[in-house]
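Thanks for coming. I'll talk through one structure, mostly its charged side chains and its backbone, and I'll take questions as I go.

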Amino acid sequence: MARASGVSPSTVSRALAPGGTVSPTTRERVRAAADRLGYQPNRAARGLITGRTGQLGVIVPDLLNPFFAECCKGVQSRARGLGYSVFVSDAERDEALELDAIRTLAPQVDGLVLVSPQLSGDELRSLDELVDKPTVLLHRREPGFASVTADLIAGMTDAVAHLHALGHRKIAYVGGPRSSWAARERAAGVEAMAESGKVEIVHVGSVAPQFDGGITGAADVVLASGASAVVAFNDIVAFGLISRFTARGVRVPDEMSVVGCDDIALSGMAAPPLTTVSVPKAYAARASVDLLSRILGTPAVDGAEPMQRVLETHLVVRGSTAEVE
């Protein structure tokens with residue numbers, strides 16, 4: 001390998017290691033030689049020498065939710081570029097399963113990315129000491145942890161301000177799980193506009209962050225409230241609301257405007273296309289791997305960034321909102 005790429009054996013080792021300190025040109029030359037020779041690294045052997053596995057663990061609450069699937073794709077893309085493979089575990093929105101997944105994956109990986117973890121702050125801190133592996137939180141902020149989050153408060157404030165500009169003065173909000181950090185942030189953003197006195201917010205309550213959360217009683221409560229618009233915890237709940245409104249003969253957006261949050265890929269394909277707060281999912285996922293790489297002591301693209309990053313959101317206006325008639 002060294003002879004084929006024209007470098008020393010130690011340079012070959014660094015070039016093939018995750019985040020190894022060699023120039024991009026040298027890394028590319030060594031990897032090209034590896035491809036020509038059909039070289040496959042022996043991770044187990046390398047781990048005995050370096051103490052590293054070359055693997056990262058990612059734990060998500062629900063892979064059926066496209067938002068979390070997009071997060072996984074972003075993490076995997078950046079990890080692959082840094083020479084890591086990725087293990088993914090679905091906690092199925094169960095705290096016990098999440099805890100078990102962390103304990104199971106930790107011994108097998110160099111570090112963990114926890115996506116919207118459901119465990120409490122105290123549980124996370126206790127677990128951090130127990131597993132003793134570098135950990136980054138994605139879409140959850142907690143003191144003492146490196147994290148990458150989106151400014152959900154600003155995003156949801158923008159959503160309500162958009163509805164206000166369209167003439168809506170009574171707006172319903174369908175929230176997510178009470179224990180969720182994201183749910184608290186999103187509710188705070190909605191409430192910020194209520195405190196301004198410009199709109200009246202009707203808090204419908206908390207629902208499961210799934211399609212069924214929108215098609216159950218929440219939609220009927222929204223209709224009974226007299227609100228002319230509704231902001232949903234996420235896009236999936238918004239789809240459920242629209243489905244129920246349509247079944248009740250209520251036209252969206254002519255008779256009811258609907259705003260979601262997350263801007264999953266399906267949002268632009270829905271009928272009508274969904275107005276939503278866009279969260280930088282892919283960028284945030286890549287940034288979480290960069291932070292983890294920094295903690296592990298290997299170079300990353302965003303190595304100079306702070307250990308708690310907050311990314312901007314923006315409102316994407318589509319066909320599910322309209323002026324009050």
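Which side chain meets that of arginine 93 in a salt bridge? Before I answer, please keep in mind that this is a predicted model. The partner is aspartate 62, with a distance of 3.7 Å from N to O. The two ends of this pair come from distant parts of the chain, 31 residues apart. Arginine 93 sits in the loop between β2, residues 85–90, and α6, while aspartate 62 sits in the loop between β1, residues 55–60, and α5, residues 66–81. Their cover is as follows. Aspartate 62 has a relative accessible area of 11%, and because buried means under 20%, it counts as buried. Arginine 93 comes to 27% and is therefore partly exposed.

As background, side chains of opposite charge can pair when their charged atoms come close. In this model the count of salt bridges is twelve. I'll go through two others.

The next pair is arginine 125 with glutamate 142, at 3.3 Å from N to O. Arginine 125 is in helix α7, residues 121–131, and glutamate 142 is in the loop between β4, residues 135–138, and β5, residues 146–150, so this salt bridge ties together parts that are 17 residues apart in sequence. Is glutamate 142 buried or exposed? It is buried, with a relative accessible area of 11%. Arginine 125, at 32%, is partly exposed.

The other pair is aspartate 254 with arginine 251, whose side chains meet at 3.4 Å, N to O. Aspartate 254 has a relative accessible area of 37% and is partly exposed. Arginine 251 is also partly exposed, at 47%. Some salt bridges share partners, and in this way Asp122, Arg125, Arg140 and Glu142 are joined into one network. Two of those names, Arg125 and Glu142, you have just heard as a pair.

Now for charges outside salt bridges. Which residues gather in a patch of negative charge on the surface? They are Glu92, Asp94, Glu95 and Glu123. Take glutamate 95 as an example. It lies in helix α6, which covers residues 95–105. Its relative accessibility is 36%, which makes it partly exposed. Why can it be in the patch at all? Members must have over 30% relative accessible area and no salt bridge, so glutamate 95 at 36% clears the area cut-off.

Next, the backbone. Most residues other than glycine have a negative phi, and most peptide bonds are trans. The places that depart from this are worth a look on your screen.

Where are the cis peptide bonds I want to show? One joins valine 252 and proline 253, with omega of about 10 degrees. Proline 253 is in the loop between α12, residues 235–247, and β9, residues 257–262. Another runs from alanine 271 to proline 272, with omega near 0 degrees. Proline 272 is in the loop between β9 and β10, residues 275–278.

Then there is positive phi. Serine 116 is not a glycine, yet its phi is near 45 degrees. It belongs to the loop between β3, residues 111–115, and α7. With a relative accessible area of 18%, serine 116 is buried. Aspartate 263 is also not a glycine, and its phi is positive at about 60 degrees. It is placed in the loop between β9 and β10, and at 15% relative accessibility it counts as buried.

One glycine belongs here too. Glycine 297 comes just after α13 and takes a positive phi of about 85 degrees. How many residues does helix α13 have? It has 15, numbered 281–295. From first C-alpha to last it reaches 21 Å, close to the 21 Å expected at 1.5 Å a residue. Its buried residues include Ala284, Ala285, Ala287, Val289, Leu291 and Leu292. Lys281 and Asp290 are also among them.

A last item concerns the strands. Valine 88 is in strand β2. It lies 28 residues from valine 60 in sequence, and the two are 7.7 Å apart in space, C-alpha to C-alpha. Valine 88 is partly exposed, at 42% relative accessibility.

To go back to the start, the pair to find on your screen is arginine 93 and aspartate 62. That's what I have.

How values were computed
Residues numbered from 1 in each chain as written. Predicted model: local features only at pLDDT ≥ 70, side-chain atom pairs only at ≥ 80, totals over all residues. Heavy atoms only, no water. Patch = residues over 30% accessible without salt bridge, like charges linked within 9 Å, V, L, I, M, F, W, Y side chains within 5 Å. Areas by Shrake-Rupley, 256 points an atom, 1.4 Å probe, with all protein chains shown as cover. Salt bridge = Lys/Arg side-chain N within 4 Å of Asp/Glu carboxyl O. Lys, Arg positive; Asp, Glu negative; His and termini not counted. Charge placed at Lys NZ, Arg CZ, Asp CG, Glu CD. Helix = DSSP H or I, 4+ residues; strand = E, 2+ residues; numbered from the N terminus. Buried < 20%, exposed > 50% of the residue type's maximum accessible area, 1.4 Å probe, protein only. Expected span 1.5 Å × (residues − 1).
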